[in-house]
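Colleague: I have the sequence and the structure open side by side, and I'd like to go through the charged pairs and then the fold. Could you take me through it?

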Amino acid sequence: MNLAISLDTAALITDVSKRTLWRRLDDGQISRQENDSRGRAMLTLADLVPMLCVPIEPEDYELLADADAGNADAQNDLAQLFLDANRSDIATHWIQLAVDQEHPDAIHNLAMLYIKGIGVGRDRTKGLMWLAKAATLGHPIAKQQIATLHIELRD
């Protein structure tokens with residue numbers, strides 16, 4: 001099975017412009033697969049691996065393809081991979097996609113990014129808002145953090 005990712009994702013994770021990727025497609029340096037169901041130009045992931053801006057292990061290639069396909073769990077997990085590689089700019093992209101699908105873990109992660117000011121401007125108010133949303137969606141750590149805040153505010 002040849003894994004593929006969209007041209008947009010390829011540009012994001014390689015730090016190579018879409019224009020340059022199209023040129024490399026024309027030159028035969030990378031190959032194109034059929035458009036996906038959303039009409040996006042799909043590129044063969046194996047051809048892009050040497051251009052990745054952070055090392056991604058082969059066991060994570062499917063994670064990348066799943067995230068690109070819209071899987072919120074994969075998007076959240078991929079965001080963590082980019083956070084670990086100190087690429088918060090790319091991580092916030094994936095977190096936001098999962099947040100848009102109301103993924104509780106991603107919402108909690110976004111809250112922590114705002115509270116700590118990682119990849120986004122430090123904004124504790126926004127962080128607390130996202131933390132409350134994660135708690136409302138049943139995220140256990142967020143629920144505990146909110147409960148702790150309530151106790152501290154009472155004391």
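Modeller: Let me begin with one pair, keeping in mind that this is a predicted model: the side chains of Asp36 and Arg40 meet in a salt bridge, with 2.6 Å from N to O.

Colleague: Are those two side chains buried or exposed, or something in between?

Modeller: Asp36 counts as partly exposed at 21% relative accessibility, whereas Arg40 has a relative accessible area of 19% and is buried, because the cut-off for buried is under 20%.

Colleague: Which other residue does Arg40 form a salt bridge with?

Modeller: Arg40 also forms a salt bridge with Asp68, where the closest N and O atoms are 3.1 Å apart. That pair links distant parts of the chain, since Arg40 sits in the loop between strand 2 (32–33) and strand 3 (42–44) while Asp68 belongs to helix 4 (residues 61–69), 28 residues apart. Asp68 is buried as well, with a relative accessible area of 5%.

Colleague: How many salt bridges does the structure hold?

Modeller: There are six salt bridges in the structure. Another one joins Lys18 and Asp8, whose closest N and O atoms are 2.6 Å apart. Lys18 lies in helix 2 (residues 18–27) and Asp8 in helix 1 (residues 7–14), so this pair ties together parts that are ten residues apart in sequence.

Colleague: And how accessible are Lys18 and Asp8?

Modeller: Both fall in the intermediate class: Lys18 is partly exposed with a relative accessible area of 42%, and Asp8 counts as partly exposed at 43% relative accessibility.

Colleague: What about the rest of helix 1, is it mostly covered or mostly open?

Modeller: Helix 1 is mostly covered, with six of its eight residues buried, and the buried ones are Leu7, Thr9, Ala10, Ala11, Ile13 and Thr14. Just after helix 1 comes Asp15, which takes a positive phi of about 60°.

Colleague: Which residues are linked with Asp15 in a network of salt bridges?

Modeller: Asp15 is linked with Arg87 and Asp89 in such a network. Arg87 is found in the loop between helix 5 (72–84) and helix 6 (88–99), and at 17% relative accessibility Arg87 counts as buried.

Colleague: What does Arg87 touch, leaving out residues up to four places away in sequence?

Modeller: Leaving those out, Arg87 touches Asp15, Cys53, Val54 and Phe82, so Asp15 appears both among these contacts and in the salt-bridge network.

Colleague: Changing topic to the sheet, what is the order of the strands and how do they pair?

Modeller: The sheet is open and has three strands in the order 1-3-2, with antiparallel pairing. Strand 1 (4–6) and strand 2 are the edge strands, each of them pairing on one side only. Strand 2 and strand 3 run antiparallel and are joined by two bridges.

Colleague: Which residue stands opposite Leu43 of strand 3?

Modeller: That residue is Arg32, which stands opposite Leu43. On the packing, helix 1 lies against the sheet and touches strand 1 and strand 3, its direction making about 90° with that of strand 1.

Colleague: At what angle to strand 1 does helix 4 run?

Modeller: Helix 4 runs at about 40° to strand 1, lying across strand 1 and strand 3. This is also the helix that holds Asp68, the partner of Arg40 in the pair we discussed earlier.

Definitions and conventions:
Residues are numbered from 1 along each chain as its sequence is written. This is a predicted model: local features need pLDDT of at least 70, side-chain atom pairs count only at pLDDT 80 or more; totals for chains, interfaces and linings use all residues. Side-chain values use heavy atoms; hydrogens and water are left out. A salt bridge is a side-chain nitrogen of Lys or Arg within 4 Å of a carboxyl oxygen of Asp or Glu. Helices (H or I, at least four residues) and strands (E, at least two) are DSSP runs, numbered from the N terminus. Buried means under 20% relative accessible area, exposed over 50%, partly exposed in between (1.4 Å probe, protein chains only). Two strands pair if DSSP finds at least two bridges between them. Contact means heavy atoms within 4.5 Å. Axes are lines fitted to C-alpha atoms, for helices over the stretch in contact, and angles run from 0 to 180 degrees between N-to-C directions.
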